Amino acid sequence: MKNRTTVERKSERETVVTRTFNGPARIVFEAWTKPELFKKWWVPKSMGMTLVSCEMDVRTGGKYRLVFGQGMAFFGSYTEVTPHSRLVWTNEEGGDNGSVTTVTFEEKGGKTLLVVSELYPSKEALDAAGTGAADALVETFQQLDELLVTLGASVGRA
């Protein structure tokens, strides 16, 4: 059975994406925090984009920078890192309209409930951003599913 990704606008300033993954929180968290794994699933294949650089210093106060082949970049700082359960980072490429992303990882019976919240400084900032990034997570989460299958197999052999 496939896990479903839900995308909701929770308020005037917040979108929330929810998905359950077949794997322990430790492995799902690693896929979000290790650049060599993150690069394998983050960019939706249907967009024809490539992630040419992925710098991630995943610790409270650490920085990240993702650069795409088209010259577009996402960057910011990690404001909270709790291994295997929570990540919070700023999205500074949006300037004053940038959002704050919170990702929580809740393990239940070997599966992980993942919740991604994007909180914008104003209704206007969220309206301008739209839900395109949240909608793209439907595809990227399918790609993460595929990666988790290979990681689970490699973890099982370890």
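These legends go with several views of a predicted protein model.

**View 1. The fold, element by element.** Here we have a protein chain with four helices and eight strands. Start at the N terminus and walk along: the order is β-β-α-α-β-β-β-β-β-β-α-α. So two strands open the chain, and a pair of helices closes it.

**View 2. Overall dimensions of the protein chain.** Lined up on the principal axes, the C-alpha atoms fill a box of roughly 50 × 30 × 30 Å. The radius of gyration comes out at 15 Å, and this agrees with the value near 15 Å for a compact globule because the chain has 158 residues.

**View 3. Inside and outside.** Buried residues account for 41% of the 158 in the protein chain. As for the outside, about 8400 Å² is exposed, with 53% of that supplied by carbon and sulfur atoms. Now for the contacts: take those between residues at least 6 apart in sequence, and 45% of them join residues at least 24 apart.

**View 4. Charged side chains.** The protein chain carries 19 positive side chains and 20 negative ones. Take the centre of each set, and the two centres sit 6 Å apart.

**View 5. A close look at V7.** This residue, V7, belongs to strand 1, which covers residues 6-9. V7 counts as partly exposed because its relative accessible area is 29%, and that class lies between the 20% and 50% cut-offs. For a sense of distance, pick out A25 as well: V7 and A25 are 18 residues apart in sequence, and their C-alpha atoms are 21 Å apart in space.

How values were computed
Residues numbered from 1 in each chain as written. Predicted model: local features only at pLDDT ≥ 70, side-chain atom pairs only at ≥ 80, totals over all residues. Heavy atoms only, no water. Rg over C-alpha atoms; globule rule 2.2 N^0.38 Å. Buried < 20%, exposed > 50% of the residue type's maximum accessible area, 1.4 Å probe, protein only. Contact = heavy atoms within 4.5 Å. Areas by Shrake-Rupley, 256 points an atom, 1.4 Å probe, with all protein chains shown as cover. Lys, Arg positive; Asp, Glu negative; His and termini not counted. Charge placed at Lys NZ, Arg CZ, Asp CG, Glu CD.
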